[in-house]
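User: I should like to learn how to read features such as helix packing, burial and cysteine pairing in a protein model. Could you take me through them one by one?

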Amino acid sequence: MTPDTKHALFALGDGLASMLVGVATAMAVHAAITPGWDMALAMVAGMVIGTVVHVVIGVLLMPLIGALEAMVPAGITGMYGGMFFAMRNTMVDHNMSHGMACLIGAAFGAIVYVGVALYNRMTRGVMYEHPRGTRA
Amino acid sequence: MNDKKLARKWDRSSVGYDLVNGAEQARLEPFKRSLFAQAKGRVLLIGAGTGHDFALLPPGLDVIAIDISEKMVERAGLRVKDYCGNLQVRRMDVRELEFSDAYFDVALASCVFCSVPEPARGLHEVRRVLKPQGQLLMVEHVRSRIGAIALMQDLMTTLSSFFGPQMNRDTVGTLLRSGYRLDREENLYLDIIKAIAATPQ
């Protein structure tokens, strides 16, 4: 397998992991948080749920896609997605279907992945180089 | 120093280490190979782990690889044959190196100082054993300066530190406070995985 192919497969894995965390978080939050919840508490609960979901899925997928680069998009999806999904659930009628919740979770995961990938393109590269360069 | 608790933690992690970390190693491999290509002369490889990095070293060097865990050293010993050069693996704590001053030309560390307790003490020791013209080359993950990601790293560290590394360290800052001059700092992934080159000063 060429390095480029390997890189593409890992990138695909990161994207799918982020979407999977989005789906699982959306479903868990959909089941747990209802309009009767106080919004602030719901957001904290959603964040905790999303973080737990991310950790469980992250540990399971670590042998396949590693930890660090997969952790960032999947972690943001779980942590912040859980918070947003919970906030939404307290504000709207709780009549959204599981399918729609899953779809929104997957879309959120995909958007976060793309956003992180674009941000990575901007932040990668040499941050500092001593005027005399490296010695070795 | 004989940090038995830390050694036991990494002894436990040595079981299944390659399976759990194989993908991460594969992702970092091109970066490490490129950084390690700068190594020359007598080299200290800090945190040998299971010896995965041996195959990434340029051939013909005189390398001493160290790890605090006896089990890791045993596993790494099986990979010594992967290296075309002079390579020894020894059990040693980076915070108390058993080498004379100015012994090495280059020190290499890959995802090590996220796991060393008292990293400044370890870096001081590395500085002691490096020649004045020597260089420390590292691939490390550090705390992001992006608030949302840093918060997540802080949360993850509460879990990860039980069985492995801390994900939220300011390794570049620690390096500068430990008497090194920063030669080069490169972001490899966002601002959390970095390739770092530094010289004792």
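Analyst: The turns below take up helix packing, a bend, burial, backbone angles and cysteines in this predicted model.

User: Let us begin with helix packing. How do the axes of helix H1 (residues 3-32) and helix H2 (residues 39-65) of chain A lie relative to each other?

Analyst: A helix pair is described by the distance between the axes, the crossing angle and the handedness. The axes of H1(A) and H2(A) come within 9 Å and cross at roughly 150°, and the crossing is right-handed.

User: Which residues bring H1(A) and H2(A) together?

Analyst: From H1(A), the contributors include Phe10(A), Gly13(A), Asp14(A), Leu20(A) and Val29(A). Facing them from H2(A) are residues including Gly46(A), Ile49(A), Gly50(A), His54(A) and Leu64(A). Sorted by class, this contact comprises 14 nonpolar, 5 polar and 1 charged residues.

User: What is the arrangement of H1(A) with helix H4 (residues 98-123) of chain A?

Analyst: The axes of H1(A) and H4(A) come within 7 Å, crossing at roughly 140°. H1(A) passes H4(A) in a right-handed crossing. Among the residues in contact are Ala11(A), Gly15(A), Ser18(A), Gly22(A) and His30(A) of H1(A), together with Cys102(A), Gly105(A), Gly109(A) and Tyr113(A) of H4(A). The class count for the contact of H1(A) with H4(A) is 11 nonpolar, 7 polar and 1 charged residues. Asp14(A) of H1(A) appears in the contact with H2(A) and also in the contact with H4(A).

User: Where does H2(A) bend, and by how much?

Analyst: A bend is read as a change in the direction of the helix axis. H2(A) bends by about 40° at Val59(A). A proline, Pro63(A), follows within four residues of Val59(A).

User: Which residues of H2(A) are buried, and what covers them?

Analyst: Burial is judged from relative accessible area, with values under 20% counted as buried. In H2(A), the buried residues are Ala42(A), Ala45(A), Gly46(A), Gly50(A), Thr51(A), Val53(A), His54(A), Ile57(A), Met62(A) and Ile65(A). Their cover includes H1 and helix H3 (68-91) of chain A, and from chain B helix H2 (17-36) and helix H5 (147-163). Gly46(A), Gly50(A), Val53(A), His54(A), Ile57(A) and Ile65(A) are on this buried list and also take part in the contact with H1(A).

User: How should I read the surroundings of single residues, for instance Lys32(B) and Ser160(B)?

Analyst: One reads the location, then the accessibility, then the contacts. Lys32(B) sits in helix H2 of chain B and counts as buried, because its relative accessibility is 2%. Apart from neighbours within four places in sequence, Lys32(B) contacts Gln25(B), Asp53(B), Leu56(B), Ser110(B) and Val139(B). Ser160(B) belongs to helix H5 of chain B and is likewise buried, at 6% relative accessible area. With residues up to four places away in sequence left out, Ser160(B) touches Pro165(B), Gln166(B) and Met167(B).

User: Which sign of phi do Glu118(B) and Leu190(B) have?

Analyst: The sign of phi is read together with the residue type and the location. Glu118(B) has a positive phi of about 50° although it is not a glycine. Glu118(B) lies in the loop between strand S4 (104-110) and helix H4 (119-129) of chain B, and is partly exposed at 41% relative accessible area. Leu190(B), also not a glycine, has a positive phi of about 45°. Leu190(B) is placed in the loop between strand S6 (180-189) and strand S7 (193-200) of chain B, where it is buried with a relative accessible area of 1%.

User: What does Leu190(B) touch beyond its neighbours within four places in sequence?

Analyst: Its contacts are Val72(A), Val116(A), Tyr119(A), Asn120(A), Thr123(A) and Ile149(B). Leu190(B) and Arg145(B) are 45 residues apart in sequence, with 9.7 Å between their C-alpha atoms.

User: Finally, how many disulfides does the structure hold?

Analyst: Cysteine pairing is judged from the distance between sulfur atoms, with a cut-off of 2.5 Å. The structure holds 0 disulfides over all chains. Cys111(B) is in no disulfide, and the nearest cysteine sulfur, that of Cys114(B), is 5.5 Å away. Cys111(B) is partly exposed, at 25% relative accessible area, whereas Cys114(B) is buried, at 1%.

Notes:
Residues numbered from 1 in each chain as written. Chains lettered and ligands numbered in written order. Predicted model: local features only at pLDDT ≥ 70, side-chain atom pairs only at ≥ 80, totals over all residues. Heavy atoms only, no water. Axes fitted to C-alpha atoms, helices over the stretch in contact; angles between N-to-C directions. Helix = DSSP H or I, 4+ residues; strand = E, 2+ residues; numbered from the N terminus. Left-handed = near helix turned anticlockwise from the far one by under 90°. Contact = heavy atoms within 4.5 Å. Nonpolar A, V, L, I, M, F, W, Y, C, P; charged D, E, K, R; others polar. Buried < 20%, exposed > 50% of the residue type's maximum accessible area, 1.4 Å probe, protein only. Bend = angle between axes of the 7 residues up to and from the residue.
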